Every structure is written in structure tokens, then in C-alpha cells.
Amino acid sequence: MRNSDIDKKIEYLMQETGMQSQIIIKDLLIGNSCPVEACIVYVNGLVNKDVIDRDILNPLMFKIKEELKDKKGLVQYLCIRYIPMSSTFVDNDLNNAVEALKSGKTVLLIEISEEFIIIDTAGGNYRAIEEPINEITIRGSREGFVENIETNISILRRRIKDKSLTVEKYKVGRRSQTDVALVYIKDVMDDDILKIVREKIQAVDVDFITATESLMRYIEDYTITPFPLNFGTERPDIVEANMMEGRIAVVTNGTACVSTVPALFTEFFQGVEDYSQRTVIVSFIRVLRVLAIFLVITFSSVYLTLIRFNAGLIPVKFVIPIVQSRVGIALTPFLEILALEIIVELLREGGLRIPSKIAQTVSVVGGIIIGDTAVRSKIVSPTTLLIVGITVVTSFIIPNYDMALAIRFLRFPMLVLANVMGIFGISLGWFFILVHLTSLDSYGVLYLSLNRSDLEDFMVISPLWKMYRRPSGIPNKDDLRRTDFRTKHRGQKNE
């Protein structure tokens with residue numbers, strides 16, 4: 001019969017964990033002729049049973065050949081002599097044991113002691129590390145985050161070996177009790193920003209969170225804005241680069257997406273390979289990305305304005321083909337563009353919800369069939385279809401998915417303003433966009449920050465060896481990114 005003290009402890013553990021049907025209890029006797037009663041407690045499905053059998057049960061049940069009944073400091077003695085595992089510690093607070101069980105650890109209870117041993121036997125099946133399918137790079141790391149928070153933190157530790165790398169862990173969600181970690185470089189990170197993020201996360205009081213992005217929605221200050229105020233990615237190399245600039249990485253258990261804060265508007269247009277390609281090539285690509293912003297938001301609106309209000313501004317060589325293409329068209333130019341834009345968004349959204357092997361085929365074939373049928377049936381003109389097609393293709397140039405969604409969304413209100421007020425409506429729309437961007441901040445940092453020193457990494461990128469300092473838009477303790485080592489190199493070469 002089990003000892004009453006152990007029974008009380010087990011009853012408490014089962015009650016507080018709420019996992020009565022999953023709790024596994026294994027009784028065992030430790031010692032030689034006068035054995036000590038003990039038992040191990042763990043949650044089925046969260047542990048590695050091979051580790052329990054090999055490193056806990058086997059040595060305790062078969063390798064102890066001494067009397068332990070009157071042994072002083074028995075729990076500590078067993079921990080350091082008979083349990084051949086690195087992550088074990090002695091505790092006497094059952095609340096800590098409850099948290100340990102929920103995390104996949106095993107608790108060893110002993111009859112003659114109020115202390116117990118917590119052993120790290122966390123296991124289970126997790127997805128292997130692989131390249132993120134939504135952020136593929138031709139030249140660069142093939143490593144991506146997974147759904148296990150400890151694995152993700154270890155990835156960052158392998159990449160950043162600085163002693164100042166700091167990890168703060170929290171539990172968020174009354175019921176889910178999701179593990180959340182703040183990872184940052186202590187001697188670079190600004191203390192005021194860290195305090196803001198830390199207080200916001202500690203203040204979250206909800207039943208559960210499902211992912212990092214849902215947590216960020218709870219702590220952000222501006223909810224009615226299309227622009228992302230945190231940078232989410234599944235790539236460790238991007239998170240590493242952001243942390244080096246003085247940002248915090250928010251890592252959540254159960255999701256492969258890691259967010260970094262604070263975020264700047266300009267960083268959403270920086271690609272994964274920008275710092276591994278030739279400077280001239282990258283500068284040209286970045287100019288195209290900035291141009292893409294204006295094309296996606298206003299290209300259709302400018303076309304509508306020219307057709308509806310300012311036809312005299314269209315060159316004569318283009319007027320005749322456009323007029324001929326519009327003969328017999330059932331819809332007005334505004335309804336044409338609006339209908340095509342909505343159809344494109346439906347095809348895009350549908351392609352995300354169906355299996356990837358047929359998504360591309362459905363999107364391409366669906367677009368061709370719908371576009372060709374719409375032109376043949378005189379619902380839309382070929383010129384309008386061309387304008388919308390250019391806008392759609394241009395939107396794929398924007399490297400960040402969240403920012404691409406925001407940019408695509410803005411073309412709809414801009415189209416309405418252009419239909420009502422013409423070129424003045426487009427100007428008014430851009431005025432509102434710029435005012436809105438300048439009024440935003442990300443955890444105390446201006447969202448649209450264009451400091452002179454930061455222009456070397458904006459539209460036209462400077463050579464890496466010229467970037468002496470970290471971005472001044474992000475407050476930090478140490479703004480020096482590198483020393484002027486090339487001067488010494490050039491001096492030796494001249495000698």
C-alpha cells in the first residue's frame with residue numbers, strides 16, 4: 001500500500017494539473033533489504049519514456065545496493081549519485097512540480113522526505129528544422145523555426161554566442177499557459193523599449209493565445225491600421241539581424257513565427273538576400289520595390305482618372321485603341337476595375353486554402369479562363385484587364401507578406417477616391433496615407449523614421465563596410481556596428 005504522504009502529494013498534483021486521465025504513476029522500491037517507497041509521476045504523451053526507463057527506473061530499481069532508510073539528505077544523494085541525467089534538481093514546492101509536469105518533466109516522490117526530484121524528460125514528436133516554404137531564398141540559410149520554443153531559442157543561441165544574449169520567459173494565458181520568451185542582446189537593447197514590451201506582455205490576461213501574432217494583437221497600441229507594427233518571420237537569420245539592430249524577438253511555443261519589435265516601415269521592403277548580393281543589383285531591386293508601392297496603390301486609380309476625368313492627358317496614339325477597346329463594354333470603368341480586383345483577391349485567397357499541389361494550377365487557369373471570358377463577353381475591356389494584371393504582378397515584388405496585404409488593401413479606398421474626385425482624390429488619398437504613417441509608432445519608436453544616417457540602407461543600399469552604425473531610428477545602447485578595419489587593410493596594401 002502506498003504511503004499516505006505520497007498519496008496526498010499525488011492527489012494534489014492530479015487536481016492542479018487537471019490531467020487525471022493522462023497522469024501516469026509508477027511505484028517503486030529503492031534500497032536493499034529495507035527499501036524506501038517512492039514513485040514517479042509524469043504526463044503521458046509529453047515525456048520520452050525511453051529516457052524514463054533507462055535513466056530513472058533502471059538505476060533506482062536495480063543498481064542501488066545500499067541501505068537508504070536512515071540516509072541523511074536522501075533526495076539530494078539520489079539526485080547526484082543514481083540519476084545519470086544533466087537536468088535534474090531538488091524542490092519542495094508542489095506548485096513547481098505542477099508546472100514541471102505540464103512541461104513534460106517527471107517528478108520523483110519519496111516517502112520519508114518533503115523534498116522531491118524534478119527530472120527533465122520532455123519528449124514528444126515535433127517537426128524537424130527545415131526551410132520555411134513561404135520565405136525561400138536562393139542564397140542563404142536553409143534553417144527555419146519550428147513549433148517548439150526550446151528548439152527556437154537554441155537556434156538563436158547557436159547563431160548568437162554573445163554573453164549578452166538574454167532570454168526572459170513568461171506564461172501567457174490563464175488556461176493555455178503558453179510559454180513566451182523575450183530574446184534580446186542586453187548591451188544593445190534600449191531599456192525603455194524593453195520595459196514597455198515586458199509590461200505589456202505581463203499585463204495580458206486572456207484564456208489562451210494561439211500564436212505570436214495573436215499575442216502581438218493584444219499588446220499593440222494601434223488596432224485600426226492596415227500596416228503591420230511588428231515584423232513576423234520564420235527565418236532565424238532575419239531575427240538575428242533584427243536583434244543586432246536593437247530589437248526584441250518574441251518567441252511563442254506552438255508556432256514557427258517569431259516577431260521582432262519595434263518595427264520600422266522601411267524594414268518591410270528589405271529582402272532576405274539583400275546583404276548577400278552585389279550592392280548595385282540590390283539598389284536596383286529596392287528601387288523597384290519602392291516603385292511597386294506606388295504602382296499597386298495608384299496605377300488602377302490613375303487609369304480610372306484619365307478615362308473618366310482627364311482623357312485629354314492621354315497621348316493620341318493611345319486614345320484610339322483605348323476607345324475602340326471600350327466599345328460595347330457593359331460596365332463602367334470603375335466597376336470594371338473593382339470587379340477584376342475583387343476576382344483577383346478571391347483567386348489569391350482561394351489558392352491559399354486549397355492543397356499547394358493544385359493551388360497554382362487553379363489560380364493560373366482560373367485567372368486565364370475568367371479573364372478571357374470577361375473580355376469576350378464584353379464585361380471588361382482588354383486595356384482594363386492589362387492594367388489590373390500589371391498591378392497584381394507588381395504586388396508580388398513586396399517581400400513581406402503582411403506589408404503586401406496592407407499595400408493591396410489601400411488600392412480599394414484609393415480607387416473610390418479617384419472615381420469620386422479624380423486626381424484630387426488620389427492626392428488626398430496619399431495625403432491621408434502619409435499622415436497616418438507619420439502618426440504611428442511601434443512601442444515608442446516612430447514607424448516612419450527617415451533619418452539621414454539611415455538612408456544608406458533604404459532605397460539605395462551602401463556597401464556593407466560603409467555601414468558603421470546601427471539604424472538611428474531604433475534606440476540602442478551601442479550604436480557602433482563595426483570599426484574602420486578597412487583603413488588598416490588599405491594602409492598595409494599601400495605599403
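Contact here means heavy atoms within 4.5 Å. Angles run from 0 to 180 degrees between N-to-C directions. With those terms set, start at helix α6, residues 191-203, in this predicted model. Helix α6 lies across four strands: β6, β7, β9 and β10 (258-261). The helix runs at about 20° to β6.

Those strands belong to an open sheet. The sheet has five strands, in the order β6-β7-β9-β10-β8, and the pairing is antiparallel. Its edges are β6 and β8 (231-233), each of which pairs on one side only. From one strand to the next, the twist averages 25°. A further helix, α5 (residues 149-159), packs on the sheet and touches β6, β7 and β9. The direction of α5 makes about 165° with that of β6.

Now follow β7 and its partners. Strand β7 covers residues 178-185, and seven of its eight residues are buried. On one pairing, eight bridges join β7 to β6 (residues 165-172), and the two run antiparallel. Within that pairing, V167 has V183 in β7 as its bridge partner. The two strands form a hairpin, with five residues between them. In the turn, G173 has a positive phi of about 105°. Strand β7 also pairs with β9 (residues 248-252), again in the antiparallel sense, over four bridges. There, V180 has T252 in β9 as its bridge partner.

Next, the nonpolar interior. The largest nonpolar core holds 37 residues. Within this core, F227, I297, M403, I433 and Y447 touch the most other members. Two or more residues come from each of α9 (279-308), α11 (333-353), α13 (382-395), α14 (401-421) and α15 (423-439). Helix α14 gives the most, with eight residues. Y447 shows how distant parts of the chain meet: leaving aside neighbours within four places in sequence, its contacts include F227, P228, L229, M403, L437 and D441. Also in contact with Y447 are A263, L264, F265, F268 and L440. Apart from this core lies another, of 26 residues, among them V51, L60, L78 and I83.

Two of the helices that feed the largest core, α9 and α11, also pack on each other. Their axes are 10 Å apart, at an angle of about 160°. Angles over 145 degrees count as roughly antiparallel, and α9 and α11 are therefore roughly antiparallel to each other. The crossing of α9 past α11 is right-handed. At the interface, S300, Y303, L304 and I307 in α9 meet P333, F334, I337 and E341 in α11.

Key: Residues are numbered from 1 along each chain as its sequence is written. This is a predicted model: local features need pLDDT of at least 70, side-chain atom pairs count only at pLDDT 80 or more; totals for chains, interfaces and linings use all residues. Side-chain values use heavy atoms; hydrogens and water are left out. Buried means under 20% relative accessible area, exposed over 50%, partly exposed in between (1.4 Å probe, protein chains only). Two strands pair if DSSP finds at least two bridges between them. A nonpolar core is a set of buried Ala, Val, Leu, Ile, Met, Phe, Trp, Tyr and Cys residues joined through side-chain atoms within 4.5 Å. Angles under 35 degrees count as roughly parallel, over 145 as roughly antiparallel, 65 to 115 as roughly perpendicular and the rest as oblique. A crossing is left-handed if the near helix is turned anticlockwise from the far one by less than a right angle, and right-handed if clockwise.
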